[in-house]
Amino acid sequence: MTKLLLRRRQWLKASLHAPVMWSGGAAALSGCLTGWKPSVSKERLSRPAPRPEELLAAMTLDEKLGQMTQADVKALRMHENDIAELGLGSVLNGGDSLPRPNTPEAWADQYDKVQSRALNSRLGIPLIVGTDAVHGHALVKGAVAFPHNIGLGAAGDAALVQEVARITAKEVAGTGIDWIFGPCVAVARDERWGRTYESYSEDSALVAKLGAAVVKGFQTDDLSASSSVLACAKHFLGDGGTTAGVDQGNAQVSEEELRRVHLPGYIEAIKAGVGSVMISYSKWNDVPMHINADLITGLLKGELGFTGFVVTDWEAIDRMGLPYDKAVALSLNAGVDMVMAPNRYRRFIEVARALVKAKQVPVSRIDDAVLRILRQKQALGLWQRPMVDRSLTREVGSAAHRAVGRRAVQASLVVLKNEGVLPLKRQARILVAGRKADDLGAQCGGWTVSWQGRKGAVTTGTSILAGLQQVAGAGNKLTFSVDGEGGEQADVVVAVVGEEPYAEGRGDRKNLSLRKDDRALLDRLRQSGKPMVVVLLSGRPLILDEVIQHAQAVVAAWLPGTEGAGVADVLFGDVAATGKLPFTWPANMNQIPINAGDAKSEPLFPLGFGLA
C-alpha cells in the first residue's frame with residue numbers, strides 16, 4: 001500500500017471521530033450567521049484530500065443526499081447547524097440574500113463561517129458556494145459591474161470578454177465564493193423576453209464563442225488556483241426560444257432547430273472545460289427540461305460527453321406542477337445531480353431518501369451524482385484552500401478592475417445614427433438631460449446589489465453624467481437638467497433615456513416602446529431646436545418610432561454597468577465606436593420576434609449594424 005493511500009485511509013478513519021471545535025460562544029448560538037467566529041482544527045485542515053471514490057465509499061445515504069443539496073444562506077441563518085448535521089454539499093446566496101453590511105469583507109466573513117461549519121461535519125467535506133455574478137460580482141456593493149451580456153455581445157471581442165470574466169472571477173474569489181452561475185449561453189430569439197440582456201446575441205455562433213471565453217476566464221488553466229472559480233453554462237436547453245418570449249415558458253421548436261440554434265453554446269462550453277450546467281425552468285414541446293432524460297442524460301452527458309455536474313435552477317422542482325415526490329424522482333432519474341432547494345432543503349433530503357429506499361431512484365444514480373460533485377470540488381482544490389484568500393478581497397472594485405470595465409463599455413456602444421453631431425466638442429455648451437443620466441442603478445440594470453436591481457446610487461461607480469463631466473475636462477460648459485429645461489441655451493443636448501431595472505420574468509414586456517416620461521423629455525428637447533443625441537439604456541432593442549427620425553444621433557449603450565465614463569469616451573470621440581448590433585433591431589412591434597434570416601419586412605437595423 002502506498003504512503004499516500006495509507007494517509008487517505010487514515011484521514012477517512014479519523015474523520016469518523018474527529019472533534020468539532022468552535023469558538024463562537026453566544027454568537028454562534030444566536031441563530032444568525034453574522035457574528036459567528038468558528039474555527040477548524042489545524043489537524044483537520046492539514047489532512048490530505050481524499051479521493052472522491054474513497055470518500056463516497058465512506059458516506060451514508062443521508063450524507064450522499066446532503067452533498068446533492070444546495071441551500072440558501074438566508075434560510076441557514078436561523079439553522080446554521082444544518083450545514084454539518086445534514087452534510088450539505090452546497091450553499092448559495094440568492095439575489096436578495098446578501099450579508100449586512102454588504103461589503104466584500106462581510107461576504108468573505110460569511111463564506112468562512114459557513115465553510116467552517118462544513119469542515120466540522122463528520123467527513124469534513126467542504127462546501128461549494130455559488131452566486132449569480134451575471135455582469136461582474138455586482139451583487140456586492142463596491143464591486144465592478146460590467147456591461148450585461150448583450151453589451152458584451154455588441155463588443156463581440158472574445159479576448160475582452162475573457163478578460164472581463166477573469167476580473168469577475170477574481171472579485172468573486174475575493175469574497176470566497178467558488179462557483180459562478182454563468183455564463184448564460186441562451187440564444188434570445190424574442191425581444192419581449194425579460195432575460196434578453198443575459199444573452200450575448202440572437203446569433204448562436206457569437207454566443208458560443210463568447211460563452212467559451214467566459215468559461216476560460218472563470219476557470220483558467222488551473223481551476224485549483226485561489227482566483228479561479230467554477231463556471232456553469234445555463235440554462236439547458238432552449239430558454240431563449242420560448243413562445244412569445246415568456247420567461248420559463250415553452251419552446252415549441254423542432255429538434256433540428258433546438259440543436260442548430262440553442263445547443264452550440266453548450267458544445268463550446270464543454271470543449272472549454274465547463275464544470276457544471278444549470279437546467280432551464282422552461283419546457284421543450286411541453287416537457288419540463290428538469291425531467292427530460294433524453295436531453296440531460298442522453299444528449300448532455302451521453303452524446304456531448306459532459307463530465308461535470310448538473311444543477312437545478314432555484315426551487316425548480318417545486319415549480320413543475322407535479323407532486324413533489326414525483327418531480328424529485330423524475331428529475332434525479334433524468335440526470336440532475338444537485339438540487340437547488342434554497343429554503344426547503346430538509347424536505348428534499350427526506351423525499352429523496354424515501355425514493356431511494358423504495359427503489360424509485362437507484363443508488364447508482366445517487367453515487368454518480370455525488371462523484372460528479374466531489375470531483376469538481378477536488379478540481380477546485382477546496383480541501384487545500386477552504387478559506388478566503390484575503391489578498392483577493394482587497395482587490396474587489398480596484399482601479400485596475402474598473403479600467404477593464406471602462407474598456408468593456410467603450411467597446412459595447414453601438415452608434416445607430418449620426419448626422420454629424422458626434423463626436424461632441426469639448427468647447428460646446430452641452431445640456432445633459434434625463435434622470436437616468438445620473439442614476440447608477442438605471443445604467444447597471446438588474447442583478448445589481450439586488451435581484452431586480454433598483455434606481456439610484458446603489459453602488460460605487462461613475463454615472464454617465466459624471467463620466468461626461470470627467471471626460472469633458474476642466475472649464476467645460478456642460479450642464480444637467482432632469483426635465484430638459486434649458487435646452488435653448490445649449491449648442492447640443494444629450495438625452496439619456498431607457499428602461500427601468502428588472503430581472504427575469506418581471507422584465508417580460510408585450511410592448512417595447514419608450515416610456516411616456518422619456519417620450520415627453522425627448523419632445524421637450526426637440527422643441528428647443530438644438531441638435532439632439534439620444535443615449536439609450538436598455539436590455540434589448542426598443543421601438544424607437546419618431547426618435548430615430550427627430551434625433552440627430554442615437555447610441556445604444558445597453559446596460560453599461562458602473563463605469564459610465566466609457567460612454568463619454570465614445571461620445572467625445574476619444575475612443576472610436578466599434579460596437580455592432582448583436583440583435584436585429586425591429587422597426588415596430590408587429591415585426592417581433594425578428595431574427596436574421598426571417599422572411600419578414602425590413603428591420604430598422606440589421607444584425608451586425610453599427611456606425612464607425
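These notebook entries record what I looked up in the structure.

**Entry 1: the model**

I note at the outset that this is a predicted model.

**Entry 2: salt bridges**

I began with the charged side chains. Side chains of opposite charge can pair when their charged atoms come close. How many salt bridges does the structure hold? I found 42.

I then looked up Asp337, which forms a salt bridge with Arg365, with 2.6 Å between the closest N and O atoms. Asp337 lies in the loop between helix H15 (324-334) and strand S11 (339-340), whereas Arg365 belongs to helix H17 (residues 363-380), so this pair ties together parts that are 28 residues apart in sequence. Are these two partners buried or exposed? Asp337 has a relative accessibility of 0% and counts as buried. Arg365, at 11%, also counts as buried, because the cut-off for buried is under 20% relative accessible area.

My next pair was Asp491 and Arg429, whose side chains meet in a salt bridge at 2.9 Å, N to O. Asp491 is in the loop between strand S14 (477-481) and strand S15 (492-498), and Arg429 is in strand S13 (residues 429-433), so the bridge ties together parts that are 62 residues apart in sequence. Asp491 is partly exposed, its relative accessible area being 35%. Arg429 is partly exposed as well, at 39% relative accessibility.

The third pair I examined was Arg515 with Glu500, a salt bridge of 3.8 Å, N to O. Both residues lie in the loop between S15 and helix H22 (516-527), so the pair ties together parts that are 15 residues apart in sequence. I recorded Arg515 as partly exposed at 35% relative accessibility, and Glu500 as buried with a relative accessible area of 18%. Which residues join Arg515 and Glu500 in one network of salt bridges with shared partners? The network also contains Arg435, Lys436, Asp439, Lys455, Asp517 and Asp518.

**Entry 3: two helices**

I turned to helix H13 (residues 264-271), in which Pro264, Gly265, Tyr266, Ala269 and Ile270 are buried. What covers these buried residues of H13? The cover includes helix H11 (204-219), strand S5 (232-236), helix H12 (255-262), strand S7 (276-279) and helix H14 (293-303). After H13 comes Gly273, which has a positive phi near 95°.

For helix H16 (residues 345-357), I compared the expected span with the model. At 1.5 Å a residue, its 13 residues should span 18 Å, and the end C-alpha atoms are 19 Å apart, which agrees. I listed the buried residues of H16 as Tyr345, Phe348, Ile349, Val351, Ala352, Leu355 and Val356. For reading such a list, I recalled that an α-helix has 3.6 residues a turn, so residues three or four places apart point the same way. Just after H16, Lys359 has a positive phi of about 65°.

**Entry 4: aromatic rings**

A search of the whole structure gave me six aromatic pairs. In one of them, the rings of Trp558 and Trp585 have centres 6.0 Å apart and planes at 45°, so I recorded the pair as tilted. Trp558 lies in strand S17 (residues 553-558) and Trp585 in the segment after helix H24 (565-571), so the two rings tie together parts that are 27 residues apart in sequence. Trp558 is buried at 1% relative accessibility, and Trp585 is buried at 0%.

The rings of Phe605 and Phe609 have centres 4.8 Å apart and planes at 25°, so this pair is stacked. Phe605 counts as buried at 8% relative accessibility, whereas Phe609 is partly exposed, with a relative accessible area of 23%.

I also noted that Trp179, Phe181 and Phe309 form one aromatic cluster. Elsewhere, Arg347 lies over the face of Tyr324, at 3.8 Å from the ring centre.

**Entry 5: nonpolar cores**

In soluble globular proteins, nonpolar side chains tend to be buried together. Which members of the largest nonpolar core touch the most other members? Among its 166 residues, I found these to be Phe236 and Leu332. Helix H10 (residues 158-173) gives the most to this core, contributing eight residues.

I followed the contacts of Phe236, leaving aside residues up to four places away in sequence; among them are Leu263, Tyr266, Val277, Ile279, Met289, Leu295 and Leu299. Tyr266 had already appeared as a buried residue of H13.

Finally, I recorded a second, separate core of 31 residues, which includes Ile464, Val492, Val494 and Val555.

Notes:
Residues numbered from 1 in each chain as written. Predicted model: local features only at pLDDT ≥ 70, side-chain atom pairs only at ≥ 80, totals over all residues. Heavy atoms only, no water. Salt bridge = Lys/Arg side-chain N within 4 Å of Asp/Glu carboxyl O. Helix = DSSP H or I, 4+ residues; strand = E, 2+ residues; numbered from the N terminus. Buried < 20%, exposed > 50% of the residue type's maximum accessible area, 1.4 Å probe, protein only. Contact = heavy atoms within 4.5 Å. Expected span 1.5 Å × (residues − 1). Phe/Tyr/Trp six-rings, centres within 6.5 Å; stacked < 30°, edge-to-face > 60°. Lys NZ or Arg CZ within 6 Å of the ring centre and 35° of its normal. Core = buried A, V, L, I, M, F, W, Y, C linked by side-chain atoms within 4.5 Å.
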